[in-house]
Amino acid sequence: LVVMNIAAFVVFGVDKWKAKRPGARRIPERNLFLTAIAGGSVGAWLGMKVWHHKTLHKSFRFGIPAIFLCQVLLALGLFLYFRVFR
């Protein structure tokens, strides 16, 4: 999870850097979301805040925290499941 969060943070920074360069090939928004879904939601959120990137997009402003919430609920559910049914 640590590596995935660092990767998500870096990916958001790289995309912000590319956004400032005309003609640079950007990282697709789908890939930005996939880094968050793959376990990097905290890194993605921090990347948004630190790099001020995608903060005006409603899909990112609400989507990244929603992904994080789903991951926390899933982890909590798995923890409780294995705690009760071990």
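Helices are DSSP runs of at least four residues, numbered from the N terminus, and on this numbering Lys54 lies in the loop between helix 2 and helix 3. The legends below describe close-up views of a predicted model.

**View 1. The salt bridge between Asp15 and Arg26 joins helix 1 to the loop that comes before helix 2.** In this view, the closest N and O atoms of Asp15 and Arg26 are 3.0 Å apart, and the pair counts as a salt bridge because that distance is within the 4 Å allowed between a side-chain nitrogen of Lys or Arg and a carboxyl oxygen of Asp or Glu. Asp15 belongs to helix 1, which covers residues 2-19, while Arg26 sits in the loop between helix 1 and helix 2, so that the two partners are eleven residues apart and link distant parts of the chain. The two ends of the bridge can also be described by their accessibility: Asp15 is buried, with a relative accessible area of 0%, whereas Arg26, at 39%, is partly exposed. By the rule used here, the model has two salt bridges, and the other is the subject of the next view.

**View 2. The salt bridge between Glu29 and Lys54 ties helix 2 to the loop between helix 2 and helix 3.** The closest N and O atoms of Glu29 and Lys54 are 3.0 Å apart, and the two residues, one in helix 2 and the other in the loop that leads to helix 3 (58-84), are separated by 25 residues along the chain. Glu29 is partly exposed, with a relative accessible area of 33%, but Lys54, at 10%, counts as buried because its value is under 20%.

**View 3. His52 and Lys54 each have a positive phi although neither is a glycine.** Most residues other than glycine have a negative phi, which gives a reason to look at this loop with care. His52 has a phi of about 50°, and Lys54 has a phi of about 65°. His52 is found in the loop between helix 2 and helix 3, and Lys54 lies in that loop too. Is each of these residues buried or exposed? His52 is exposed, with a relative accessibility of 58%, whereas Lys54 is buried at 10%.

**View 4. The side chain of Asn5 reaches the backbone of Val42.** Asn5 is found in helix 1, and at 18% relative accessibility it counts as buried, since this value is under 20%. The side chain of Asn5 reaches the backbone nitrogen of Val42 at 3.1 Å. When its neighbours within four places in sequence are left aside, Asn5 is in contact with Gly39, Gly40, Ser41, Val42 and Gly43.

**View 5. A nonpolar patch on the surface brings together residues of helix 2 and helix 3.** Which residues form this nonpolar patch on the surface? They are Val42, Trp45, Leu46, Val50, Trp51, Phe68 and Val72, and together they have about 580 Å² of accessible area. Helix 2 and helix 3 each supply at least two residues of the patch, and helix 2 gives the most, with five residues. Phe68, one of the patch members, lies in helix 3 and is partly exposed, with a relative accessible area of 39%. Val42, whose backbone nitrogen is reached by the side chain of Asn5, is also among the residues of the patch.

Key:
Residues numbered from 1 in each chain as written. Predicted model: local features only at pLDDT ≥ 70, side-chain atom pairs only at ≥ 80, totals over all residues. Heavy atoms only, no water. Buried < 20%, exposed > 50% of the residue type's maximum accessible area, 1.4 Å probe, protein only. Patch = residues over 30% accessible without salt bridge, like charges linked within 9 Å, V, L, I, M, F, W, Y side chains within 5 Å. Areas by Shrake-Rupley, 256 points an atom, 1.4 Å probe, with all protein chains shown as cover. Polar contact = N/O pair within 3.5 Å; in protein donor to acceptor, adjacent residues only side chain to side chain. Contact = heavy atoms within 4.5 Å.
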